[in-house]
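Here's a quick tour of a ligand site and of how the chain around it is put together. Have a look at the model first, then read on.

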Amino acid sequence: MGELIYAGKAKQMWTTDDDQVLRVVYMDQATALNGKKKDQIKGKGPVNNAISTLIFRYLMKHGIETCLLEKTSATEQLVRRVQIIPLEMITRNVAAGHFATRFGVEEGKPFSTPVEEMCLKSDELDDPAINASQAEALGVVTAAELDQMWAISRKVDQLLAPLFKQAGLELIDFKLEFGRLPNGHVILADEFSPDNCRLWDAKTRHHMDKDVYRRDLGDLTPVYEEVLARLQQVLGQEEK
Ligand code: 5GP
């Protein structure tokens, strides 16, 4: 069964017989406003696991190293154990969310060059914005690691924006997390799902991501299932 080592807002991490491998359990739970809004959402765990597995496999096929080893059930994955770097690396293709509210601009303006932002992962401090020199001063990352993380983030954007476009979705923005292997090598960790990106329907510009929950726009699970169905159609791939 293993030992529960981390209980996050939407996932749990358990140890396995192999100390380099963890079991991730995707839960039927959604949170927003740094956990102040929290609900059980039936069916969310399996659909997020399916989407994230599909996306990570696609990225791996195109040369990006990730923590994913295997999807083992509807709600579970085995992943490589990494030391998580406590930074949220955000890439924005279109103004939305906090970019729009912070700078007083309307949502929907595309950027000619993607905007890159970082936040420190800290529930107590409400994930404050942080720059490279601050993160290095805190000792959470090195300059060389940051270069690698941004290079990977740019490649992820270049791979996924066209993929989602084929699925009739605009990749508005996304948040990545990275971790270190025991040899210090930095790889993509956590997940890629509509929980940590914004996707708008290309025709209607309707929200097809966690903003449906954050903004009380309707049921989340059918929206995520539609994203999954479109991706499966594009990738022509059967998921477990
Ligand atoms: P914003 O800064 O506009 O709130 O978020 C930008 C992008 O990063 C969105 O796609 C959002 O889902 C993602 N993001 C930012 N912070 C978090 C976070 O703490 N958790 C998750 N899951 N996603 C985040």
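Around the ligand sit 15 residues (each with a heavy atom within 4 Å of it), and the closest are Arg-92, His-98, Asp-173, Arg-198 and Arg-214. Keep in mind that this is a predicted model, where local features need pLDDT of at least 70, side-chain atom pairs count only at pLDDT 80 or more, and totals for chains, interfaces and linings use all residues. Numbering runs from 1 along each chain as its sequence is written, and side-chain values use heavy atoms, with hydrogens and water left out.

By class, that shell has 8 charged residues (Asp, Glu, Lys, Arg), 4 nonpolar ones (Ala, Val, Leu, Ile, Met, Phe, Trp, Tyr, Cys, Pro) and 3 polar ones (the others, Gly among them). Strand S9 (87–94), helix H2 (97–103), strand S11 (169–180) and strand S13 (197–201) each chip in at least two shell residues; these are DSSP runs numbered from the N terminus, with at least four residues for helices (H or I) and at least two for strands (E).

Here are some polar contacts to ligand oxygen atoms (N or O pairs within 3.5 Å):

| Side chain | Distance from its N or O atom to a ligand oxygen |
|---|---|
| Glu-88 | 3.0 Å |
| His-98 | 2.5 Å |
| Asp-127 | 3.3 Å |

The protein covers 83% of the 500 Å² of accessible area (Shrake-Rupley, 1.4 Å probe) that the ligand has on its own.

Zooming out, the chain splits into domain 1 (4–80) and domain 2 (83–220), with bounds from an automatic or database domain assignment. Their C-alpha centres are 17 Å apart. Contact (heavy atoms within 4.5 Å) links 29 residues of domain 1 with 26 residues of domain 2.

Key:
A polar contact is a pair of N or O atoms within 3.5 Å; within protein, one must be able to donate a hydrogen and the other to accept it, and residues adjacent in sequence count only if both atoms are side-chain atoms.
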